[in-house]
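Reader: I am new to reading structures and would like a close look at one part of this one. Please start from a single contact and work outwards, giving the reasoning where there is any.

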Amino acid sequence: DLSIQRVASSKNLTLTIPPSCSAIAWWRIYMGLTMKERKSLTRETAPRYRRADKKGKHRILDEFVETSGYNRKYAIHLLSNWGKRKRRYIDGKPVNIIIGQPRVRKKRAGRVIYTEAVKKAIRCIWPFFDYMCGKRLAVFIRMNLDVLMYQPELAIDETIREKLMSISPATIDRILAPERKKLSLTGRTRTRPGPMLKHKIPIRTFFDWDERKPGFFELDTVGHDGGNSSGEYCFTLNATDVHSGWVELRSLLNRAHRWTKEKLVAIRAELPFPLLGIDSDNGGEFINRQLWQYCNENHIAFTRGRAYHKNDNCFVEQKNDMAVRRTVGYYRFDTSAEYEALSEVYTYLCPLLNFFYPSFRIIEKIRIGAKVKKVYDDPKPPYQRLLESDDVSDEVKADLRRRAQQLHVVKQKRSVDNAVANLMRIYEEKKQRKLLE
């Protein structure tokens, strides 16, 4: 080792390290004891040194200097005073110290920047706005803080406002770490294979679309079976724009081809920008003649992902969890009343997701050997990405701004909460009726 040889040469030492011994072991042999070992040796030797006569002290001192490597005068000082109480003056103040006793360091009191009031505000905002991660929540708070300040339950004054405007995503995650441990979600798949029409629908793999502009949607359905897949139950049709993250959710009575097509037609009519293409999994609700013919007649590109490759539809799979499961949960909805209540939830939820909730978007994948590095842009609401897109016309942008002015983030979230509470009330009433039966 070059560093060992350099120090050895400065001390006029010649090191010959046998092949059977490591360099570190021979470094210990030539360079002596560690500081901790020297202090232990001093602690054991000092009482014996002070009790000995003149000849005994001379012999003990010779051994101690040879073993520890200390200077002889310094060794005499250590052995004569180790463990004794001495008075010293530090910064003009008398201080009693014990030679050899390690100084007790005072625990440094960190400067408190984010007080308990700031933490309380973050803990209130986080569950109210659907448990965002720190990176998304920091952007959301800065975009809507002027509105949030006027909510009395959040208790945000001017001092807290300044702290929230400067708080980092990492600090938010540290504050919310104990709360996140209490939450855990699981999921199940209800995808059933479609008919032999698949050979007419081309396959699109993940991030394979050349059209990196708004209008190309991934489709998927989320089953609300409550863990019991028998009989009929409601589904959610999820349509997510690949470019902007714009999400449209619609409730389905079941997976019939007719309902899927009708909801897609309704989504196309209500979208502020044109629907150019759709991409789905291989479920029978999508791979059917009705939807295929509709896309051909209206010049909508229709592709599908590979079987058993969920990453081919990663954009919509992410929204299945964040938008659907975290809002309505894993309950079984199988009545017409629950279907209507589920539709009401999505009426209020979609504008909240599209105009206010920031989301990440992958912009590049770089393969480094066996690893794949994913590069994301800054979190933004889909509405903001559409305004920044050169592929969106000025008329569409004006319509988006008009829609945004009619919305209020807190009122919209309360409408979502009321709609979810109504859905849960209908669900509980259904359970009670079944128990009475």
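**A helix pair and its surroundings**

Author: In helix 12, the residues M322, A323, V324, T327 and V328 meet L342, V345, Y346, L349 and L353 of helix 13. By type, the residues of this contact are nine nonpolar, one polar and no charged. The model is a predicted one.

Next comes the geometry of the pair. Helix 12 covers residues 314–328, and its axis comes within 12 Å of the axis of helix 13, with a crossing angle of roughly 135 degrees. Helix 12 is therefore oblique to helix 13, because an angle has to be over 145 degrees to count as roughly antiparallel. The crossing of helix 12 past helix 13 is right-handed.

Helix 13 also takes part in something wider. The largest nonpolar core of the model has 81 residues, and I122, F129, L137, I156, L249 and I278 are those with the most contacts inside this core. Helix 13, which spans residues 336–355, gives the most to it, with 10 residues. A second core, separate from this one, has 11 residues, and L61, F64, Y70 and W82 are among them.

Now follow the chain out of helix 13. Y357 sits in the loop between helix 13 and strand 8, the strand of residues 362–368. Is Y357 buried or exposed? Y357 has a relative accessibility of 2% and so counts as buried, since the limit for buried is under 20%. Leaving aside residues up to four places away in sequence, Y357 touches F128, F129, D130, M132, R136, F140, L352, K380, P381, P382 and K413. One of these partners, K380, is 23 residues from Y357 along the chain, and the two C-alpha atoms are separated by 7.5 Å.

F129 links this loop back to the core. F129 is one of the residues with the most contacts inside the largest core. With residues up to four places away in sequence again left out, F129 touches F140, L148, Y357, V409, V410 and K413.

Another position on helix 16 can be compared with helix 13 by distance. R425 lies in helix 16, which runs over residues 409–436. R425 and E338 are 87 residues apart in sequence, and their C-alpha atoms are 9.6 Å apart in space. R425 is partly exposed, because its relative accessible area of 42% falls between the limits of 20% and 50%.

A second helix pair makes a useful contrast to read beside the starting one. I141, R142, L145 and D146 of helix 7 meet R161, L164, M165 and S166 of helix 8. The residues of this contact divide into four nonpolar, one polar and three charged. The axes of helix 7, residues 134–148, and helix 8, residues 158–166, come within 9 Å and cross at roughly 155 degrees. Helix 7 is therefore roughly antiparallel to helix 8, as the limit is over 145 degrees. The crossing of helix 7 past helix 8 is left-handed.

What stands out about the phi of A155? A155 has a positive phi of about 55 degrees, and A155 is not a glycine. Most residues other than glycine have a negative phi. A155 is in the loop between helix 7 and helix 8. With a relative accessible area of 54%, A155 is exposed. H299 also has a positive phi, of about 55 degrees, without being a glycine. H299 belongs to the loop between helix 11 (289–297) and strand 7 (301–304). The relative accessibility of H299 is 72%, so H299 counts as exposed.

One arginine from another part of the chain can be set beside R425. R38 lies in helix 3, residues 35–51. R38 is buried, because its relative accessible area of 18% is under 20%. R38 and S68 are 30 residues apart along the chain, with 6.0 Å between their C-alpha atoms.

Last, the whole chain. The secondary structure comes to 16 helices and nine strands. The chain has 437 residues, of which 41% count as buried. Among contacts with a separation of 6 or more, 65% are between residues 24 or more positions apart.

Definitions and conventions
Residues are numbered from 1 along each chain as its sequence is written. This is a predicted model: local features need pLDDT of at least 70, side-chain atom pairs count only at pLDDT 80 or more; totals for chains, interfaces and linings use all residues. Side-chain values use heavy atoms; hydrogens and water are left out. Axes are lines fitted to C-alpha atoms, for helices over the stretch in contact, and angles run from 0 to 180 degrees between N-to-C directions. Helices (H or I, at least four residues) and strands (E, at least two) are DSSP runs, numbered from the N terminus. Angles under 35 degrees count as roughly parallel, over 145 as roughly antiparallel, 65 to 115 as roughly perpendicular and the rest as oblique. A crossing is left-handed if the near helix is turned anticlockwise from the far one by less than a right angle, and right-handed if clockwise. Contact means heavy atoms within 4.5 Å. Ala, Val, Leu, Ile, Met, Phe, Trp, Tyr, Cys and Pro count as nonpolar, Asp, Glu, Lys and Arg as charged, and the others, Gly among them, as polar. A nonpolar core is a set of buried Ala, Val, Leu, Ile, Met, Phe, Trp, Tyr and Cys residues joined through side-chain atoms within 4.5 Å. Buried means under 20% relative accessible area, exposed over 50%, partly exposed in between (1.4 Å probe, protein chains only).
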